[in-house]
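Welcome! Here is a short guided tour for anyone meeting this structure for the first time.

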Amino acid sequence: NSIKFERMIKCLNNMNEEDQIILAMVGSGFSYKEIHEAFKNKKYKMENIKQKILRARKKLSKDYGKKHE
């Protein structure tokens, strides 16, 4: 399990800071609305936040899968 955790951390560290924050917030149980509020200075629309979450999850999954092979 610690090897999987270390691999996940390496994948997260390769992501940009914004994606890291978004995934940390999602993982901590924040709602879309709360994440949207956290990025209000970027003036993202709610739909943009939902897309950013989806893309970050896909990127993490893809990167983790590559490292897992």
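A residue counts as buried when its relative accessible area is under 20%, as exposed when that area is over 50%, and as partly exposed in between. Keep in mind that what you see is a predicted model.

**An aromatic pair to start from**

With a relative accessible area of 7%, Phe39 is buried, because that value is under 20%. Its ring has a partner, and the structure holds 1 aromatic pair. The two members are Phe39 and Tyr44, and their arrangement is tilted: the centres are 6.4 Å apart and the planes make an angle of 40°. Tyr44 is partly exposed, at a relative accessible area of 23%.

What else does Phe39 contact, leaving aside its neighbours within four places in sequence? Beside Tyr44, the list holds Glu18, Ile21, Ile22, Met25 and Ile49.

**The nonpolar cores**

Several of those names come back in the largest nonpolar core, which has 7 residues. Its members are Phe39 together with Ile22, Met25, Val26, Ile35, Ile49 and Ile53. Two elements, H2 and H4, each give two or more residues to this core. Which of the elements gives the most? That is H2, with 3 residues. Another core lies apart from this one; it has 6 residues, among them Cys11, Met15, Leu23 and Tyr64.

**A walk along helix H2**

Helix H2 covers residues 17–27. At its start, Asn16 places a side-chain oxygen within 3.1 Å of the backbone nitrogen of Glu18. The buried residues of H2 are Glu18, Asp19, Ile22, Leu23, Met25 and Val26. Looking down the axis of H2, you would find these buried residues within an arc of 160°, so they line one face of the helix. On the other side of H2 are Glu17 and Gly27, both exposed. After H2 comes Gly29, which has a positive phi, near 90°.

**Salt bridges**

How many salt bridges does the structure hold? There are 4 of them. The table shows three, including two that involve Glu18.

| Pair | N to O distance |
|---|---|
| Lys42 and Glu18 | 3.4 Å |
| Lys52 and Glu18 | 2.9 Å |
| Lys50 and Glu47 | 3.9 Å |

Let us begin with the pair of Lys42 and Glu18, whose side chains meet in a salt bridge. Lys42 sits in the loop between helix H3 (32–38) and helix H4 (46–68), while Glu18 belongs to helix H2, so this pair ties together parts that are 24 residues apart in sequence. Are these two residues buried or exposed, or somewhere in between? Lys42 is partly exposed, with a relative accessible area of 44%, whereas Glu18 counts as buried at 15% relative accessibility.

The side chains of Lys52 and Glu18 also meet in a salt bridge. This pair links distant parts of the chain, since Lys52 is in helix H4 and Glu18 in helix H2, 34 residues apart. The two side chains make a polar contact as well, at 2.9 Å. Apart from neighbours within four places in sequence, Lys52 is in contact with Glu18, Ile22 and Tyr44. Ile22 is a member of the largest nonpolar core, and Tyr44 is the ring partner of Phe39. Taken together, Glu18, Lys42 and Lys52 are linked in a network of salt bridges.

The pair of Lys50 and Glu47 stays within one element: both residues lie in helix H4, 3 residues apart, about one turn of the helix. An α-helix has 3.6 residues a turn, so residues three or four places apart point the same way. Lys50 is partly exposed, with a relative accessible area of 32%, and Glu47 is exposed, at 54%.

**Tyr32 in helix H3**

One last stop is Tyr32, whose place is in helix H3. With 39% relative accessibility, Tyr32 counts as partly exposed. Which residues does Tyr32 touch, not counting those up to four places away in sequence? They are Met46, Ile49, Lys50 and Ile53. Ile49 and Ile53 are members of the largest nonpolar core, and Lys50 is the salt-bridge partner of Glu47. Tyr32 and Glu17, by contrast, are 18 Å apart in space, C-alpha to C-alpha, with their positions 15 residues apart in sequence.

Terms used: Residues are numbered from 1 along each chain as its sequence is written. This is a predicted model: local features need pLDDT of at least 70, side-chain atom pairs count only at pLDDT 80 or more; totals for chains, interfaces and linings use all residues. Side-chain values use heavy atoms; hydrogens and water are left out. Rings of Phe, Tyr and Trp (its six-membered ring) pair if their centres lie within 6.5 Å; planes under 30 degrees apart count as stacked, over 60 as edge-to-face and the rest as tilted. Buried means under 20% relative accessible area, exposed over 50%, partly exposed in between (1.4 Å probe, protein chains only). Helices (H or I, at least four residues) and strands (E, at least two) are DSSP runs, numbered from the N terminus. A nonpolar core is a set of buried Ala, Val, Leu, Ile, Met, Phe, Trp, Tyr and Cys residues joined through side-chain atoms within 4.5 Å. Contact means heavy atoms within 4.5 Å. The arc is that of the directions from the helix axis to the C-beta atoms. A polar contact is a pair of N or O atoms within 3.5 Å; within protein, one must be able to donate a hydrogen and the other to accept it, and residues adjacent in sequence count only if both atoms are side-chain atoms.
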